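Here are some exercises to work through with the structure open beside you. Try each task before you read its solution.

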Amino acid sequence: MTSQTNRHDVGSHVAAVYNAMLAEYDQIENQFYFAECYQVYKESVERIVRERPDGLALDLGCGTGKQTILLAPRPGRVVGIDISVQMIEAARRRCNGRPNVSLVTGDITRLPFEDGCAQAMVAYGDVIGHNFTAVDVVLREMVRVCAPRGLISFEIDSKWCPDLLYLPKELWQAMTTRGGHLREWKEMQFKTFTWRELTRLLQAHGLRLIEVRSMNILTMLFPPSLLFRRRQDAPRFNALFRRVMALDLALGKFLRCGSTRIVTVEKP
C-alpha cells in the first residue's frame, strides 16, 4: 500500500514542474504530437456539453483552463481544479468573464466536492498517470463525486506504442514489466496501462464503458525529433502529418492502440 507521504511527494513534484513550465505550456499544442490530442480533447468535451448540459461539470487537472473554457457554454456550473497555483491563475485569466466558471487549487486524490454532486467531469493530460502511486484513490474520488448516470472522461497512456522502437531502454522496461510501466516526460513519471488493466480498473470501480478514442497511432511511427517540433517550423512535414493525423482520427474511433486514449465512462 502506498503511503500518504509518497502520494504527497509525487503531487508536490508534479506541481513544481508545471509551475516551472507555465510559459511554454500553452504552446505545446503547436507541436505535431499534441495537435491530435487537442483535437480529440475538443471533440470529447463537445460531447460532454451536448449530453450533460446541466448540473456541475468538473475539469480535473485543468491546467491553464483550455478544456474548462470549452465546458463554459454549458448552462450548468463549471469548476476547474489543479494542483499548480500558477496554472490556476492562468486559467482564471482565460475564463475571465464566464460567470458559471470557478477555479480552485487542489489535489485530485482529495477532491473538495460533495458525494454525487457532478454530472460530468473530464481529466485530460496525464492527470491519472501522474498519480501512479494512487490510481485507485483517484478513480475512487472521481466515482464518489460523480452523480448517478454522470459521465467521466479521462486520458490514460497506452503501454504498447510504436514510438518504443525509438526508445530501447523504455522498450526493455515495458517488456520486463508486468502490466503498465512508468514513462517519463519533463522529469515527471506517469503510468501506462494495458487494455486488460484498463478494463479491470473500470470493472473494479463499477464504471460502464461508453467510448474510447485512441490518439497518435500512425503518427507515432515518426521519430520523436519530428513529432515534438513546432508545426510552423516544418511546413513540408506538416503537409504529410495532416494527412496521417486525419487517418489517425478516423482509426482512433475503432482501434484500441495508440500513444494515449480518451476513455469516457458512465457511473450507473
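**Exercise 1. Find which residues line the second largest pocket, then sort them by class and by element.**

Step 1. In this predicted model, the second largest pocket is lined by Glu29, Ala35, Tyr38, Gln39, Lys42, Lys66, Gln67, Ile69, Leu70, Arg94 and Met245.

Step 2. Sort that lining by class and you get 5 nonpolar, 2 polar and 4 charged residues.

Step 3. Now look at where they come from. H3 and helix H4 (68-71) each put in at least two residues, and H3 has the largest share, with 4 residues.

Step 4. Finish with the volume: the second largest pocket comes to about 160 Å³.

**Exercise 2. Do the same for the largest pocket, and say which element gives the most to its lining.**

Step 1. Start with the volume, which is about 810 Å³ for the largest pocket.

Step 2. Go to the lining. There are 42 residues in it, and Tyr18, Gly125, Asp126, His130 and Trp185 are the ones nearest the centre.

Step 3. Split the lining of the largest pocket by class: 22 residues are nonpolar, 10 are polar and 10 are charged.

Step 4. Trace the elements. At least two lining residues each come from helix H1 (4-20), helix H3 (32-51), helix H6 (127-130), strand S5 (146-158) and strand S6 (182-185). The one that gives the most is H3, with 5 residues.

**Exercise 3. Work out whether strand S9 is enclosed or not, and find the strands it is joined to.**

Step 1. Find S9 at residues 260-266 and check burial, for which the relative accessible area must be under 20%. In S9, 7 of the 7 residues are buried, so the strand is largely enclosed by the rest of the structure.

Step 2. Check both faces. Thr260, Ile262, Thr264 and Glu266 point one way, while Arg261, Val263 and Val265 point the other way; all are buried.

Step 3. Look for S9's partners. S5 is joined to S9 by 7 bridges, and the two run antiparallel. Strand S8 (residues 208-215) is also joined to S9 by 7 bridges, again antiparallel.

Step 4. Pick out a pair on each side. Leu151 stands opposite Glu266 in S9, and Ser214 has Arg261 in S9 as its bridge partner.

**Exercise 4. Place Asp157, Arg93 and Asp54 in the fold, and say what each one touches or how far it lies from another residue.**

Step 1. Take Asp157, which sits in strand S5. Its relative accessibility is 4%, so Asp157 counts as buried. Leaving out residues up to four places away in sequence, Asp157 touches Asp126, Arg183, Phe190, Lys191, Thr192, Phe193, Ser259 and Thr260.

Step 2. Move to Arg93, in helix H5 (residues 85-94). With a relative accessible area of 58%, Arg93 is exposed. From Arg93 to Glu266 you cover 173 residues in sequence and 31 Å in space, C-alpha to C-alpha.

Step 3. Turn to Asp54, in the loop between H3 and strand S1 (56-60). Setting aside neighbours within four places in sequence, Asp54 is in contact with Arg74, Pro75, Gly76 and Gln119. Asp54 and Ser84 are 30 residues apart in sequence, and their C-alpha atoms are 28 Å apart in space.

**Exercise 5. Compare the backbone and the burial of Lys186 and Asn216.**

Step 1. Recall the background: most residues other than glycine have a negative phi.

Step 2. Check Lys186. It isn't a glycine, yet its phi is positive, about 55°. Lys186 lies in the loop between S6 and strand S7 (188-193), and at 35% relative accessibility it counts as partly exposed.

Step 3. Check Asn216. Here too phi is positive, about 55°, in a residue that is not a glycine. Asn216 is found in the loop between S8 and helix H10 (224-227), and its relative accessible area of 0% makes it buried.

**Exercise 6. Step back and describe the protein chain as a whole.**

Step 1. Count the elements: the protein chain has 11 helices and 9 strands.

Step 2. Judge the packing. The radius of gyration is 18 Å, close to the 18 Å that the globule rule gives for 268 residues, so the chain is as compact as a globular protein of that length.

Step 3. Add burial: 54% of the 268 residues count as buried.

Step 4. Finally, look at contacts between residues at least 6 apart in sequence. Of these, 73% join residues at least 24 apart.

Technical notes. Residues are numbered from 1 along each chain as its sequence is written. This is a predicted model: local features need pLDDT of at least 70, side-chain atom pairs count only at pLDDT 80 or more; totals for chains, interfaces and linings use all residues. Side-chain values use heavy atoms; hydrogens and water are left out. On a 1 Å grid over the protein atoms alone, a cavity is a set of points where a 1.4 Å probe fits but cannot get out, and a pocket is an open set with protein on both sides within 12 Å along at least five of seven lines; lining residues have an atom within 4 Å of a point. Grid points are joined across faces, edges and corners, and a volume is the space filled by probe spheres set on the points. Ala, Val, Leu, Ile, Met, Phe, Trp, Tyr, Cys and Pro count as nonpolar, Asp, Glu, Lys and Arg as charged, and the others, Gly among them, as polar. Buried means under 20% relative accessible area, exposed over 50%, partly exposed in between (1.4 Å probe, protein chains only). Two strands pair if DSSP finds at least two bridges between them. The radius of gyration is taken over C-alpha atoms; the globule rule is 2.2 Å times the number of residues to the power 0.38. Contact means heavy atoms within 4.5 Å.
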